2 protein chains.
Amino acid sequence: MTPGPEQPPANDPTAPTPRRVGRRPGGPDTRGAVLAAARAEFAARGYQKASMRGIARVAGVDPALLHHYFGSKDRLFLAVLDFPLDPRTVVEQIVAGDRARVGERIARFVLTLWEDRGVRERLLAVLRGAAGDEEVAAMLRGFVVGELVARIAAGLELPRPELRVELVLSQVIGLAMARYVVAVEPLASATVEELVPLLAPTLQGYLTGG
Amino acid sequence: MTPGPEQPPANDPTAPTPRRVGRRPGGPDTRGAVLAAARAEFAARGYQKASMRGIARVAGVDPALLHHYFGSKDRLFLAVLDFPLDPRTVVEQIVAGDRARVGERIARFVLTLWEDRGVRERLLAVLRGAAGDEEVAAMLRGFVVGELVARIAAGLELPRPELRVELVLSQVIGLAMARYVVAVEPLASATVEELVPLLAPTLQGYLTGG
């Protein structure tokens, strides 16, 4: 359960940050043990209460190793669920820029992202997992509220900002279900540029009321 | 495979229409055989191309019996999927009344319907089934487009009416997923009356552009 000699030591501050969550820390057994421990801890305690330290203890690895390879709890969680995108990037994309066009930005970002088949399939796998398993749903819930909803809601000026962000989320999830799972036509074949002007006012309305 | 003597004959025009799709025609074996045959036919041919006559043949029953007990293809399909509501009723509720308040009507209708735990669980089971099984998704797709989308779209005056109805559908599905499956707070605990004014402009905008 210790990293192999070819791996950089966990406490080397000059070691490069790995670009992908998928990089192996200390061989496949360690990565597998860490992900299994993380999954168990997230399921048992919920996303918010699970800690990097606790996960490291269950996996039998040094907490510094965990931080070194997964960076933070949210990134470890993304690896556990094989979640196709990093909410920090999403939030940056959404929050930056003209507030009056945030709805259009979200619509275009989400629709463009889903054009990537790999991203789409992993996102749908997460939704399917949540729909079929309350444990997965509970993990996802804590993560979504803590990492995504809270961050976007912090920038809003209307009453009940979390509720408004969650309505955006509901439209985004439902669009994925209707377009790719039930796949009703003509929605399934509509282009991104056809859909953006129809969706933008909805998302804009939820977030800024206009 | 013939109805028992206590059942009304299939060709008796004075026989009452059964109130529930769940009533047994000719004993449990016949009902089971009809539902199994219908499921197979819907899966093999799709909802639109499957016929009552073909289903009766596969089930080994008289087509008149099928019509007598299930009424029509859409009602038989609802029984196959254990779908919790009849789209005809939905369409009537939505289309009737002031066009300028259709968004509010749909929001209140859907949210109120889901307060019924049984309805909600069967609806989510259908969505879960579609997400996990392409055959179920394909059946649902044909049914939704043919029985629900087409009927509502027929009354709209804007361009691309089917696409607009499907955007409403996407918001309705996504709301169910976010509120009851991922169950993010505060959305999961928000009341119907809190949500109606937030959702109504979205649905209204999709259907009438205003």
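# Two chains of helices in a predicted model

In this predicted model, 64% of the contacts in chain A between residues at least 6 apart in sequence join residues at least 24 apart.

User: How many helices and how many strands does chain A have?
Analyst: From the N terminus on, the elements of chain A run α-α-α-α-α-α-α-α-α-α. The count for chain A is therefore 10 helices and 0 strands.

User: What percentage of the residues of chain A count as buried?
Analyst: A residue counts as buried when its relative accessible area is under 20%. Chain A has 210 residues, and the share of them that counts as buried is 53%.

User: Which relation links chain B to chain A?
Analyst: Chain B can be laid on chain A by a turn of 180 degrees with a shift of 0.0 Å along the axis, and the RMSD is then 0.0 Å. Such a turn without a shift is the relation of a two-fold axis.

User: Which residue of chain B has the C-alpha nearest the axis?
Analyst: The axis in question is that of the turn of 180 degrees that lays chain B on chain A. In chain B, the C-alpha nearest this axis lies 1.7 Å from it and belongs to B:Gly174.

User: Why can the copies be said to meet through the same surface?
Analyst: The reasoning rests on comparing the interface residues of the two chains. The copies meet through the same surface because the share of interface residues of chain B that are also interface residues in chain A is 100%.

User: Are helices α9 and α10 of chain B roughly parallel or roughly antiparallel?
Analyst: Two packed helices are described by the angle between their axes and the distance between the axes. In chain B, α9 (residues 161-181) and α10 (residues 192-208) have axes 8 Å apart and pack at an angle of about 155 degrees. Angles over 145 degrees count as roughly antiparallel. The relation of α9(B) to α10(B) is therefore roughly antiparallel.

User: How many nonpolar, polar and charged residues does the contact of α9(B) with α10(B) have?
Analyst: On the side of α9(B), the contact residues include B:Val165, B:Leu167, B:Val168 and B:Arg179. On the side of α10(B), they include B:Leu195, B:Leu199, B:Leu203 and B:Tyr206. By class, the contact comprises 9 nonpolar, 3 polar and 2 charged residues.

User: With which residues is B:Thr202 in contact, leaving aside its neighbours within four places in sequence?
Analyst: B:Thr202 lies in helix α10 of chain B. With a relative accessible area of 5%, B:Thr202 is buried. Leaving aside neighbours within four places in sequence, B:Thr202 has contacts in both chains, namely with B:Gln171, A:Gln171, A:Thr202 and A:Tyr206.

User: Which residue is joined to A:Glu185 by a cis peptide bond, and which to B:Glu185?
Analyst: Most residues other than glycine have a negative phi, and most peptide bonds are trans. In chain A, the cis bond has an omega of about 15 degrees and leads to A:Pro186, in the loop between α9 and α10 of that chain. In chain B, where omega is about 10 degrees, the proline also lies in the loop between α9 and α10. The residues joined in this way are A:Pro186 and B:Pro186.

User: What is the phi of A:Ala183, and what is that of B:Ala183?
Analyst: A:Ala183 lies in the loop between α9 and α10 of chain A, and B:Ala183 in the loop between α9 and α10 of chain B. A:Ala183 is buried, with a relative accessible area of 16%, and B:Ala183 is buried with a value of 16%. Neither residue is a glycine, yet phi is positive: near 55 degrees for A:Ala183 and about 55 degrees for B:Ala183.

User: Which residue just after α2(B) takes a positive phi?
Analyst: Helix α2 of chain B covers residues 52-59, and its buried residues are B:Met52, B:Gly54, B:Ile55, B:Ala56 and B:Ala59. Just after this helix, a positive phi of about 75 degrees is taken by B:Gly60.

User: Is B:Ala64 buried or partly exposed?
Analyst: B:Ala64 is placed in helix α3 (residues 63-70) of chain B. Its C-alpha is separated by 8.9 Å from that of B:Arg53, 11 residues away along the chain. With a relative accessible area of 35%, B:Ala64 is partly exposed.

User: Where does UniProt place the feature "DNA-binding region" in chain A?
Analyst: The feature comes from an unreviewed UniProt entry. The span concerned is 80% helix and 0% strand, and its end C-alpha atoms lie 13 Å apart. UniProt places the feature at residues 51-70.

How values were computed. Residues numbered from 1 in each chain as written. Chains lettered and ligands numbered in written order. Predicted model: local features only at pLDDT ≥ 70, side-chain atom pairs only at ≥ 80, totals over all residues. Heavy atoms only, no water. Least-squares fit on C-alpha atoms with pLDDT ≥ 70 in both. Contact = heavy atoms within 4.5 Å. UniProt positions renumbered as here; feature names shortened; annotations may be inferred. Helix = DSSP H or I, 4+ residues; strand = E, 2+ residues; numbered from the N terminus. Axes fitted to C-alpha atoms, helices over the stretch in contact; angles between N-to-C directions. Parallel < 35°, antiparallel > 145°, perpendicular 65-115°, else oblique. Nonpolar A, V, L, I, M, F, W, Y, C, P; charged D, E, K, R; others polar. Buried < 20%, exposed > 50% of the residue type's maximum accessible area, 1.4 Å probe, protein only.
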